[in-house]
Amino acid sequence: MSPPLRIAITCFSTFGGSGMVATGIGLAMAERGHQVHFIAREPPVRLAALPRGVSFHEVKESDYPALQRSGTYPIALASKMIEVATQAHLDVLHVHYAVPHATAAWMAREVLGDQAPRVVTTLHGTDTTLVGVHPSYLPMTRFSILKSDAVTTPSAFLRDATWSGFGIPDSFPIEVIANFVDTEAYAPARERAQLKALFPDLGDDEPVLVHVSNFRPVKRITDVVAVFAQVHRERPCRLVMVGDGPEREPAERMLRELGLSHRVAFPGKQERFVRVLAASDVFLLPSEQESFGLAALEALSCGVPVVASDVGGIPEVVRHGETGLLAPLGDVRTMAGHVLGLLRDTARWRAFSLRARADVVERFRQAPAIDRYESLYRRLAGGA
Ligand code: GMT
């Protein structure tokens with residue numbers, strides 16, 4: 001039997017897909033007997049407790065006044081990586097989201113020399129499509145990607161965007177390992193009690209639309225509201241907006257102007273929203289860009305059909321006409337039509353729902369994805 005690996009994982013700890021995927025990988029590796037070290041500013045949101053084999057290492061920055069706003073986080077992170085690698089004899093350092101994590105990993109590796117762990121960089125989306133290719137970050141991000149021992153992306157779309165966005169030849173290997181979902185935790189359950197807690201006067205047949213995100217501009221939250229308003233005109237319904245972020249205020253203002261605030265719930269950032277999700281009828285994701293769309297995957301896993309924009313990696317997750325319906329970016333009219341088409345035809349909705357669940361179980365279960373990361377780690381650590 002191969003010996004357990006010593007793995008460190010760095011990610012953002014905020015309410016976002018990359019941190020959730022990173023945490024899922026770390027916890028699954030620990031369950032398989034590996035030693036897992038999370039290195040981050042704060043414990044990631046899904047790391048509620050520290051199970052056996054898992055430890056957390058906090059990255060602390062100096063509060064020295066001259067350093068304020070000088071962006072010393074990558075240095076503090078690299079220093080913590082060096083400390084953990086030295087103490088724990090790491091085999092692998094897996095960083096999620098290239099900016100600034102891949103650069104910190106490269107710095108740590110330069111310092112550690114022969115004792116350095118192998119570095120895996122998983123790109124998640126805006127680290128390629130938005131932030132990484134910004135002129136302020138491009139040269140260092142490109143360099144740090146090229147210096148990684150292995151690079152992965154959750155979709156073929158993001159792999160191709162990385163090659164083209166950074167001017168990296170497509171002979172440079174980037175492995176596509178699709179994101180995954182815990183299909184037991186995210187399972188169909190049409191129990192409406194949680195929805196009734198949000199809307200005490202909810203009618204038994206009244207449809208509920210749902211959206212989950214960090215409400216950043218890229219999510220086009222006002223398109224969620226526009227789709228909901230058009231659907232509501234034809235078929236009175238409700239909307240649940242799980243999450244929080246900068247676009248919440250404009251969305252709430254728009255709802256006030258439309259006189260629809262009372263039909264919409266904003267329960268805030270919720271880790272345990274699966275029952276709300278599973279009881280809802282359609283998941284909306286009209287994003288400007290998504291490398292993958294983890295929130296859509298979680299909805300599909302619960303058997304909730306998705307109506308989304310046809311961008312980025314979304315078509316790799318949502319099968320148009322089978323598990324959900326896609327529309328051109330910003331085409332809220334078509335999206336509303338898609339939602340109404342599903343709500344008006346119960347047999348069609350049910351067929352979408354059953355196919356959604358089956359497709360997720362077939363293509364996006366956690367174990368096969370973890371197998372792929374584990375064999376990648378073993379390959380790099382020399383034990384494959
Ligand atoms: O979408 C966000 O704003 C968060 C971002 C992140 O870094 O957590 O999400 C990205 O990574 C997720 C996990 O791989 C993907 O499911 C999201 O599609 C991707 N977001 C974008 O590409 C905009």
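**Close-up views of the ligand site and the two domains**

**View 1. Ser18 meets the ligand through its backbone.** In this predicted model, a polar backbone atom of Ser18 lies 2.6 Å from an oxygen atom of the ligand. The protein buries 96% of the 490 Å² that the ligand exposes when taken alone.

**View 2. Asn214 and Phe292 also face ligand oxygen atoms.** Asn214 uses its side chain: an N or O atom there is 2.8 Å from an oxygen atom of the ligand. Phe292 uses its backbone instead, with an N or O atom 3.2 Å from a ligand oxygen atom.

**View 3. A shell of 18 residues surrounds the ligand.** The closest are Ser18, His124, Lys219, Glu290 and Ser291. By class, the shell holds 11 polar, four nonpolar and three charged residues.

**View 4. The ligand occupies the largest pocket.** Which domains supply the shell around the ligand? Domain 1 (6-180 + 365-381) and domain 2 (193-363) each give at least three residues.

**View 5. The chain is assigned two domains, domain 1 and domain 2.** Domain 1 is built from two segments, 6-180 and 365-381. Domain 2 covers 193-363. Their centres, taken over C-alpha atoms, are 30 Å apart. At the contact between them, domain 1 contributes 18 residues and domain 2 contributes 20 residues. Both domains also take part in the shell around the ligand.

Methods. Residues are numbered from 1 along each chain as its sequence is written. This is a predicted model: local features need pLDDT of at least 70, side-chain atom pairs count only at pLDDT 80 or more; totals for chains, interfaces and linings use all residues. Side-chain values use heavy atoms; hydrogens and water are left out. A residue is near a molecule or strand if one of its heavy atoms lies within 4 Å of it. A polar contact is a pair of N or O atoms within 3.5 Å; within protein, one must be able to donate a hydrogen and the other to accept it, and residues adjacent in sequence count only if both atoms are side-chain atoms. Accessible areas come from the Shrake-Rupley method with a 1.4 Å probe; for residues, only the protein chains shown count as cover. On a 1 Å grid over the protein atoms alone, a cavity is a set of points where a 1.4 Å probe fits but cannot get out, and a pocket is an open set with protein on both sides within 12 Å along at least five of seven lines; lining residues have an atom within 4 Å of a point. A molecule sits in a cavity or pocket if more than half of its atoms lie within 2 Å of its grid points. Ala, Val, Leu, Ile, Met, Phe, Trp, Tyr, Cys and Pro count as nonpolar, Asp, Glu, Lys and Arg as charged, and the others, Gly among them, as polar. Domain bounds come from an automatic or database domain assignment. Contact means heavy atoms within 4.5 Å.
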